[in-house]
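Please look over the sequence and the structure shown below. The report that follows describes how parts of the chain are arranged.

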Amino acid sequence: MAFFDIYMSPPQQDGKVSIHPRLVSPSRSDSERLKRETSESASLTEGDMSGALSAVSAFLRRQLAAGGSVNLEGIGTFRVVPHFRSPKHAGDRVTGKDVEVKRILFTPCRELSYDVKRDIVFTRRNASHSREMNEAQAVLLLRQYFQDHDYITVRDFEREAGVNSTMARTLLNGLVGKEHLLPKRVGRILIYHANRYHYPQNL
């Protein structure tokens with residue numbers, strides 16, 4: 001079941017306000033869960049799965065670094081999208097140093113897309129335009145989030161918690177005041193590092 005909430009976007013210049021659905025994830029899945037659940041349904045141990053995942057990751061790195069694409073049956077295709085480091089280039093003097101990876105693009109296969117669209121069930125998380133959250137709930141969410149992340153941004157918190165930007169900033173800054181979070185500005189973005197005293201990782 002996929003939970004969603006309704007998000008109200010800021011008013012535009014003409015005063016119009018639009019709303020749209022946004023997913024609110026109740027849990028996060030990772031490779032540990034994949035290994036555990038696969039070992040329960042197939043004749044593979046968690047150690048076998050760990051080795052297989054490492055091999056797949058190494059294979060992807062090699063193939064993508066060589067400029068190739070990788071199609072995984074039942075999952076989709078990975079490929080590298082290049083772009084110029086600078087928008088201004090003379091075509092006859094471009095070298096490899098002028099090009100870098102813009103992103104690694106993943107395109108799900110048709111079967112996966114069809115199955116997800118067929119099987120997914122959307123359920124409204126609550127009836128308000130933006131989810132209400134208190135500090136205790138924010139701490140619980142961050143404890144889970146910081147298991148595999150070192151920091152969070154306001155936008156990340158909005159997405160994970162299903163709240164608007166104002167509430168996200170209020171909650172995050174409140175936890176800064178209690179030394180749960182350590183703020184740091186990177187360019188124009190303010191990121192909040194986890195204070196590992198309050199958010200230890202389960203090793």
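## A hairpin and its turn

Which residue in the turn of the hairpin formed by β8 and β9 has a positive phi? The residue is Gly187, with a phi of about 65 degrees. The hairpin has two residues between β8 and β9. This is a predicted model, and the values here are computed from it.

The two strands of this hairpin, β8 and β9, are paired in the antiparallel sense, and six bridges link them. Two pairs of residues illustrate the pairing. Arg185 has Leu190 of β9 as its bridge partner, and Lys184 stands opposite Ile191 in β9.

## The sheet β7-β9-β8

The hairpin strands also belong to an open sheet. This sheet has three strands in the order β7-β9-β8, with antiparallel pairing. Its edge strands are β7, residues 151–153, and β8, residues 181–186, and each of them pairs on one side only. From one strand to the next, the twist averages 30 degrees. Helix α6 packs on this sheet and touches β7, β8 and β9. The direction of α6 makes about 115 degrees with that of β8.

Strand β9 is paired with β7 as well. Three bridges hold this antiparallel pair. One of the residues involved is Tyr151, whose bridge partner in β9 is His193.

## The sheet β3-β4-β5

Another open sheet has three strands in the order β3-β4-β5, and its pairing is antiparallel. Strands β3 and β5 stand at the edges and each has a single partner strand, so one side of each has no neighbour in the sheet. Neighbouring strands here are turned by 25 degrees against each other on average, direction ignored. Helix α2, residues 46–65, packs on the sheet and touches β3, β4 and β5. The angle between the direction of α2 and that of β4 is about 40 degrees.

What joins the strands of this sheet? Strand β3 (residues 70–72) pairs with β4 (residues 76–84) over three antiparallel bridges. Asn71, for example, has Thr77 in β4 as its bridge partner. β3 and β4 also form a hairpin with three residues between them, and Gly74 in its turn has a positive phi of about 80 degrees. On the other pairing, nine bridges join β4 to β5 (residues 99–108), and these strands run antiparallel. The bridge partner of Pro82 in β5 is Val101.

## Helix α5 and its two partners

Two packed helices are described by the angle between their axes and the distance between the axes. Helix α5, residues 154–161, packs against α6, residues 165–177, at an angle of about 110 degrees, and the axes are 9 Å apart. That angle makes α5 roughly perpendicular to α6. From α5, the contact uses Val154, Phe157 and Glu158; from α6, it uses Ser165, Ala168, Arg169, Leu171 and Leu172. By class, five residues of this contact are nonpolar, one is polar and two are charged.

Helix α5 also packs against α4, residues 135–145. Here the angle is about 105 degrees and the axes are 11 Å apart. The helices α4 and α5 are therefore roughly perpendicular to each other. The contact is made by Ala138, Leu141, Leu142 and Tyr145 of α4, together with Asp156, Phe157, Glu160 and Ala161 of α5. It consists of six nonpolar and two charged residues, with no polar ones. Phe157 is listed in the contact with α6 and in the contact with α4.

## The largest pocket

Which elements give two or more residues to the lining of the largest pocket? They are α5, α6 and β9, the last of these covering residues 189–194. The largest share of the lining, four residues, comes from α5. The pocket has a volume of about 290 Å³.

In total, 12 residues line the pocket, and those nearest its centre are Val154, Arg155, Glu158, Ser165 and Arg169. Among these, Val154, Glu158, Ser165 and Arg169 also take part in the contact of α5 with α6. By class, the lining has five nonpolar, two polar and five charged residues.

Definitions and conventions: Residues numbered from 1 in each chain as written. Predicted model: local features only at pLDDT ≥ 70, side-chain atom pairs only at ≥ 80, totals over all residues. Heavy atoms only, no water. Axes fitted to C-alpha atoms, helices over the stretch in contact; angles between N-to-C directions. Parallel < 35°, antiparallel > 145°, perpendicular 65-115°, else oblique. Contact = heavy atoms within 4.5 Å. Nonpolar A, V, L, I, M, F, W, Y, C, P; charged D, E, K, R; others polar. 1 Å grid on protein atoms, 1.4 Å probe; cavity = no way out; pocket = protein on both sides within 12 Å on 5 of 7 lines; lining within 4 Å. Points joined across faces, edges and corners; volume = space filled by probe spheres on them. Pairing = 2+ DSSP bridges.
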